[in-house]
Amino acid sequence: MARQNFLREFFIRSLTIQLLCRTFLEGGVFKYKAINVIELISSYSKTAVAVFSILLLSTTAVSANECDTSAQGLTSVDCGATPSATFDQNGRLWLTYVQDQHVYVSHSDDFGESYSPSVVVNKIPEDAEHNGENRPKIIVDADSNIFVSWTKKTSPRFTGEIRFSRSTDGGDTFETPRTINDDELFTGHRFESLFLTESGHMYVTWVDKRDLEANIELGKDYAGAAVYYAVSSDQGQTFSQNYRVANNSCECCRIAIAPRGPENIAILWRQIFGVTTRDHAIAVLTPDGKTMEMGRASYDDWQIDACPHHGPSMVQSGKSGDYHMSWFTNGDLHQGIYYARYSFEKASPEDVYQVDGSAGAGHPYLAEYDQTLYLVWKAFDGQQSQISLIKSIDDGKSWSVSEILRSTSQGSDHPLIVNKDDGLFLSWHSDEHGYVFEKFAGRALGLSYVE
Amino acid sequence: MLNSSLFQRTKCLDFCVASLLVLFSVAAQADNFKAFTADSFQEIKSSYEGEEFLLGLWSVDCPPCLVELEFMGKLLELNPNLPYVLVSTDPIEQREYSQEFLEDFGLTEMESWMFADSFVEKLRFSIDANWYGELPRSYFFDNEHEMKSHSGIISRELLSDWFSSSLKFQ
C-alpha cells in the first residue's frame with residue numbers, strides 16, 4: 001500500500017514536471033496549463049510511454065497480503081488503518097478508521113461480519129494521524145448522534161490540531177470538521193481522547209504545547225507538554241473554552257479516561273515528575289473546567305528524556321468504584337506492563353502487579369464485564385506478535401494465567417476492547433488478518449463465542 | 001521553416017524527456033536512506049567489523065530526538081569522521097519528512113536507514129530484544145562489538161566514555 005502511494009506520488013510529480021517543461025518549450029512562458037494526461041502521454045516519445053506504462057503497472061500491483069479493494073470497495077476498514085469501534089444502544093456496531101487522509105465511519109449489524117459502505121467524515125483530505133497512539137475515536141449517544149474526533153497533523157514538527165465532527169442524521173453525513181484547540185497557535189495539539197458521561201457532557205482531552213511555546217518566548221525551560229481539555233454540554237454543537245489540567249506532561253502518549261460520577265471524568269496520563277521521571281498522574285475533571293484530586297498513580301521511577309509512545313489504559317471498577325489502571329514502564333523500580341488499582345480516597349495505587357515483563361510486551365487495554373476484569377496486550381516472541389488476555393474476578397487482587405487470543409507474523413495495530421451489554425469484543429487490525437472484531441467474553445454469539 | 005521548427009521542438013521534447021529521466025533518478029536518490037529490514041542490523045555491524053561505531057535510532061514523531069539530532073549535527077561538524085549510523089523508525093515511505101530534519105541538522109551525508117517493514121516489532125527485535133521502542137535510543141559498539149545502550153538524549157559524558165579516541169566538543 002505504502003509502496004503504491006510512493007509510486008503514485010512519483011508518477012504525479014513526473015507528470016507535473018513534464019507539464020511545466022512542455023509549457024515552457026511551447027509557449028516560452030513558464031506557467032501552469034491544464035492538460036489531459038492521456039493527451040500528454042500520447043504527445044511524447046515511445047520511450048516516455050514505456051516508462052509511464054511501467055510506472056502505471058507498478059502502481060496497480062497489489063501484494064497478496066494487502067486488502068482486496070475489488071471485493072471490499074476502495075475504502076474499507078481492512079484497507080484502512082487504526083480503527084476504533086463502539087456499539088450504539090440498539091446494538092449496532094460503529095467504527096471509524098483512517099484511509100488516504102480521510103476519516104471514515106462505517107457500521108455493522110452483524111457484529112463485524114459485514115460492514116456498510118463507508119461515509120467520509122472530512123470531505124477535504126487532511127493528514128489525520130493514524131498510528132498506535134493516535135487514532136480517530138467514535139461515540140454514539142442515546143439520540144443516535146455520532147461524534148468523531150482525531151488529530152490532524154499540520155507539519156512533520158509535532159504540530160497538530162484537535163479535530164471534531166458529528167453526524168445528526170444517523171451517520172448519513174458528517175458536519176464540516178471543527179478545530180477544538182482555541183489558541184490558534186501553530187504548535188502541538190495531539191493525542192486526543194473523547195469521552196461521553198452519563199450526564200451527556202462530552203469531554204475532549206489532549207496533549208498541548210502552547211505553554212512550551214510561551215516559555216520559549218520568555219527564554220525559560222519547559223519540560224514536555226501540557227494536558228488540556230474542552231467540554232460540550234449540547235451534544236457537540238458547541239465546546240467550552242480550553243482548560244489546562246497540568247503542565248509538564250509527557251508529549252507522546254495517549255490519555256486514558258473513565259467516569260467519575262455522572263458528569264465528571266477521571267483521566268490518567270504520563271507525567272514528568274521532577275526533571276526526567278516519566279510515571280503516571282491521575283486527576284478528576286469537571287464540566288466547568290476544574291481539575292481536582294490530582295495524584296501520582298504510578299511509582300516506577302522511569303527516568304528518561306525520551307518518548308515512550310506508550311499511553312495507559314483505565315476503567316472504573318463496578319465493584320469498588322476505584323480505578324483499574326494498566327501501563328507500560330521501563331523504570332528502575334518496575335519494567336514491563338503493570339496493573340494497579342487506584343483509590344482517590346487513599347490517593348495511592350494498590351495491588352501493583354507485573355502483567356508481562358518480557359521484552360517486546362506493550363500496549364495494554366482494560367475492560368470490565370460482569371464483575372470480571374479483562375486485560376489484553378500485545379507481546380512479541382521474536383517471530384510472532386501475540387494478543388494475550390488475563391482475567392481477574394476479585395477486582396484486580398489476583399489474576400488468571402494468560403491465554404493467547406490471536407497472533408500474527410506481520411505488522412499489527414494495538415489491541416482494543418469494545419464493551420457491549422452482553423460481552424466484550426476484541427478490536428484489532430493487522431496486515432495479515434485485516435480488521436478482527438470478535439467476541440471473547442460474555443454470552444454466546446453464534447460460532448464466534450469464546451469463553 | 002515549419003518543419004525545422006517542429007523538428008527542433010521534437011528534439012527539445014526528447015531532450016526534455018531525457019532530462020526528466022535523469023531528474024527521476026536524481027529525485028529517487030535525493031536522500032541517503034536505505035531500507036532497514038530484519039537483516040539490516042547485521043549488515044551494518046558487518047560493515048563496521050573490528051571498528052567502533054554509534055547507532056542512533058530516531059523518529060520525526062519524537063521531540064527529544066530533535067534535540068539529539070541537533071547535538072549530533074554539531075558534534076559531527078567538529079568530528080567529521082565520527083562513525084555514526086542513523087536509523088529512523090518511521091516508514092521509509094515518509095522519507096521526505098525525515099530528510100527535512102536531517103537537512104536542518106547537517107546530517108544528510110550520514111549513513112541513514114529507515115524502517116521498511118510494517119512488522120516493526122520484528123525490526124526492533126533484530127536490533128535489541130530489550131528495546132521497547134522508546135526514542136531516542138543509542139547503541140555503541142566497541143572494536144569487538146560489545147554493545148552498550150542508552151534510552152533518551154545522548155550526552156557528551158556518555159560519548160566521551162564510549163569512544164576510545166577523545167572527541168572534540170564545543
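Helices and strands are here DSSP runs, helices of at least four residues and strands of at least two, numbered from the N terminus. On that basis, chain B of this predicted model reads along its sequence as α-β-α-β-α-β-α-β-α-β-β-α. Chain A contains five helices and 27 strands, and chain B six helices and six strands. The briefing below covers both chains, the surroundings of Ser193(A), the strands E9(A) to E11(A), helix H4(B) and the cysteines.

**Chain-level features**

- Chain A has 451 residues, of which 57% are buried.
- In chain B, which has 170 residues, the buried share is 48%.
- Of the contacts in chain A between residues at least 6 apart in sequence, 47% join residues at least 24 apart.
- The corresponding share in chain B, again among contacts between residues at least 6 apart, is 70%.
- The exposed area of chain A is about 18700 Å², with 51% supplied by carbon and sulfur atoms.
- Chain B has an accessible surface of about 8400 Å², and carbon and sulfur atoms account for 51% of that area.

**Ser193(A) and its surroundings**

- Ser193(A) belongs to strand E9 of chain A, which spans residues 189–196.
- Its relative accessible area is 7%; because buried means under 20%, Ser193(A) falls in the buried class.
- Leaving aside residues up to four places away in sequence, Ser193(A) touches Lys137(A), Tyr203(A), Val204(A), Thr205(A), Ile255(A) and Ile257(A).
- A polar atom of the Ser193(A) side chain lies 2.7 Å from the backbone oxygen of Ile255(A).
- Trp150(A) is 43 residues from Ser193(A) along the chain, and the C-alpha atoms of the two are separated by 8.2 Å.

**Strands E9(A), E10(A) and E11(A)**

- Strands E9(A) and E10(A) pair in the antiparallel sense, with six bridges between them.
- Within this pairing, Val204(A) of E10(A) stands opposite Leu194(A).
- Five residues separate the two strands of the hairpin, in which Gly200(A) adopts a positive phi near 95°.
- E10(A) also pairs in the antiparallel sense with strand E11 of chain A (residues 225–232), over seven bridges.
- In E11(A), Ala226(A) stands opposite Asp208(A).
- Seven of the seven residues of E10(A), residues 202–208, are buried, so this strand is largely enclosed by the rest of the structure.
- In a regular strand, side chains alternate between the two faces of the sheet.
- In E10(A), Met202(A), Val204(A), Trp206(A) and Asp208(A) point one way, whereas Tyr203(A), Thr205(A) and Val207(A) point the other way; all are buried.

**Helix H4(B)**

- Helix H4 of chain B covers residues 95–104, and its buried residues are Arg95(B), Ser98(B), Gln99(B), Phe101(B) and Leu102(B).
- Viewed down the axis of H4(B), these buried residues fall within an arc of 160°, so they line one face of the helix.
- Gly106(B), just after H4(B), takes a positive phi of about 65°.

**Disulfides and free cysteines**

- Over all chains, the count of disulfides comes to two.
- One disulfide is formed by Cys252(A) and Cys307(A), with their sulfur atoms 2.3 Å apart.
- The torsion about the S-S bond of Cys252(A) and Cys307(A) is about -110°, so this disulfide is left-handed.
- This pair links distant parts of the chain, 55 residues apart: Cys252(A) lies in the loop between strands E12 (243–249) and E13 (256–260) of chain A, and Cys307(A) in the loop between strands E16 (291–296) and E17 (313–316) of chain A.
- Cys252(A) and Cys307(A) are both buried.
- A disulfide also joins Cys62(B) to Cys65(B), with an S to S distance of 2.1 Å.
- The link of Cys62(B) and Cys65(B) is right-handed, with 90° about the S-S bond.
- Cys62(B) is buried at 0% relative accessibility, and Cys65(B) is buried with a relative accessible area of 1%.
- Cys250(A) is in no disulfide; its nearest cysteine sulfur belongs to Cys253(A), 3.7 Å away. Because a disulfide requires cysteine sulfur atoms within 2.5 Å, this pair does not qualify.
- Cys253(A) likewise is in no disulfide, its nearest cysteine sulfur being that of Cys250(A).
- Cys250(A) counts as buried at 2% relative accessibility, and Cys253(A) is buried with a relative accessible area of 3%.

Technical notes
Residues numbered from 1 in each chain as written. Chains lettered and ligands numbered in written order. Predicted model: local features only at pLDDT ≥ 70, side-chain atom pairs only at ≥ 80, totals over all residues. Heavy atoms only, no water. Buried < 20%, exposed > 50% of the residue type's maximum accessible area, 1.4 Å probe, protein only. Contact = heavy atoms within 4.5 Å. Polar contact = N/O pair within 3.5 Å; in protein donor to acceptor, adjacent residues only side chain to side chain. Pairing = 2+ DSSP bridges. Areas by Shrake-Rupley, 256 points an atom, 1.4 Å probe, with all protein chains shown as cover. Arc of directions from axis to C-beta.
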